[in-house]
Amino acid sequence: MSITGRTTDPIHEKADADRARPPRERLVRAASRLFYYEGVRAIGVERLIAEAGVTKATFYRHFASKDDLVLAYLQTKETYYRAVAEPLAAGHPPAEAIDLIFEAISRHALERGFRGSPFMNAAAEYPDADHPVRRLVASHRAWIRELFEDLLTRVGHAEPRSAAGALLMLYDGAMAAGYLDASADAHKTLLDAVRLIRSSS
């Protein structure tokens, strides 16, 4: 009960808050939820419009096509992953930063509703490697590889580029295993493998 005597309803309050967001943000938020949990190809423009509570004209005012909304969705994920990894890389010694990044990945994979990497999931639905969605996925993976290579170089690793490729493969595997095998054993195996690669000379 509120101090005014009005009974509050969290569900309706959330709905009201969502309706108060700008239309573009509502579309991206709806896309993020639907694309991640149901797949990109399974969701049509009409469903997105209904979920976001906008008109078709509003949709096309902000996005020329559904693919443009897919790109916006993945860009929000890119922003999220960078916001987690980059401060760790900048704020800790390089070996510790690598471990902490993979700790964060492992925790993320244990979150309720985790369905694997949004980038890998999207890539599976866009077979053309030249498609803008696939190019964005490739850019995301290149950023991860470069981040690892920089940290490994700072550690003094003898082959930082090769080891960064190995860590990228572990990253991909951790995302898949988090969906298929979210267990304590998988967590330990991941971190043991990371430490083995980063400490090799």
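**Helix packing and buried residues in a predicted model**

Leu 34 is found in helix H2. The questions below concern a predicted model.

Reader: Is Leu 34 buried or exposed, and what is the relative accessible area of Leu 34?
Author: The cut-off for a buried residue is a relative accessible area under 20%. Leu 34 falls under that cut-off and is therefore buried, with a relative accessible area of 3%.

Reader: Which residues are in contact with Leu 34, leaving aside its neighbours within four places in sequence?
Author: One residue to consider is Glu 51, which is 17 residues apart from Leu 34 along the chain, with a separation of 9.0 Å between the C-alpha atoms. Contact is judged on heavy atoms within 4.5 Å. On that basis, the residues in contact with Leu 34 are Gly 39, Ile 43, Arg 47, Leu 48 and Glu 51.

Reader: How are H2 and H3 oriented to each other?
Author: The axes of helix H2 (residues 23-38) and helix H3 (residues 45-52) come within 9 Å and cross at roughly 125 degrees. H2 passes H3 in a right-handed crossing. Angles from 65 to 115 degrees count as roughly perpendicular and those over 145 as roughly antiparallel. The two helices, H2 and H3, are therefore oblique.

Reader: How do the residues of the contact of H2 with H3 divide into nonpolar, polar and charged?
Author: From H2, the contact includes Arg 26, Leu 27, Ala 30, Ala 31, Arg 33, Leu 34, Phe 35 and Glu 38. These meet Arg 47, Leu 48, Glu 51 and Ala 52 in H3. By class, the contact of H2 with H3 comprises 7 nonpolar, no polar and 5 charged residues.

Reader: How is H5 oriented to H8?
Author: The axes of helix H5 (residues 66-91) and helix H8 (residues 132-155) come within 10 Å and cross at roughly 10 degrees. Angles under 35 degrees fall in a single class. H5 is therefore, with respect to H8, roughly parallel.

Reader: How many nonpolar, polar and charged residues has the contact of H5 with H8?
Author: Residues of H5 in this contact include Val 70, Leu 74, Tyr 81 and Arg 82. Those of H8 include Val 133, His 140, Trp 143 and Arg 154. The contact of H5 with H8 has 13 nonpolar, 2 polar and 5 charged residues.

Reader: Which residues does Ala 122 touch, not counting residues up to four places away in sequence?
Author: Ala 122 lies in helix H7 (residues 118-124), and is buried with a relative accessible area of 2%. Ala 122 and Tyr 36 are 86 residues apart in sequence, and their C-alpha atoms are 8.5 Å apart in space. The residues that Ala 122 touches are Leu 74 and Val 133.

Reader: With which side chain does the side chain of Thr 58 make a polar contact?
Author: Thr 58 has its place in helix H4 (residues 56-62) and counts as buried at 11% relative accessibility. The polar contact spans 2.9 Å, and the partner of the Thr 58 side chain is the side chain of Thr 55.

Reader: Which residues does Ser 106 touch, not counting residues up to four places away in sequence?
Author: Ser 106 lies in helix H6 (residues 94-109). At 7% relative accessibility, Ser 106 counts as buried. The residues that Ser 106 touches are His 187 and Leu 190.

Reader: What percentage of the residues in the protein chain is buried?
Author: The protein chain has 10 helices and 0 strands. Among its contacts between residues at least 6 apart in sequence, 65% join residues at least 24 apart. Of the 201 residues in the protein chain, the buried ones make up 39%.

Methods
Residues are numbered from 1 along each chain as its sequence is written. This is a predicted model: local features need pLDDT of at least 70, side-chain atom pairs count only at pLDDT 80 or more; totals for chains, interfaces and linings use all residues. Side-chain values use heavy atoms; hydrogens and water are left out. Axes are lines fitted to C-alpha atoms, for helices over the stretch in contact, and angles run from 0 to 180 degrees between N-to-C directions. Helices (H or I, at least four residues) and strands (E, at least two) are DSSP runs, numbered from the N terminus. A crossing is left-handed if the near helix is turned anticlockwise from the far one by less than a right angle, and right-handed if clockwise. Ala, Val, Leu, Ile, Met, Phe, Trp, Tyr, Cys and Pro count as nonpolar, Asp, Glu, Lys and Arg as charged, and the others, Gly among them, as polar. Buried means under 20% relative accessible area, exposed over 50%, partly exposed in between (1.4 Å probe, protein chains only). A polar contact is a pair of N or O atoms within 3.5 Å; within protein, one must be able to donate a hydrogen and the other to accept it, and residues adjacent in sequence count only if both atoms are side-chain atoms.
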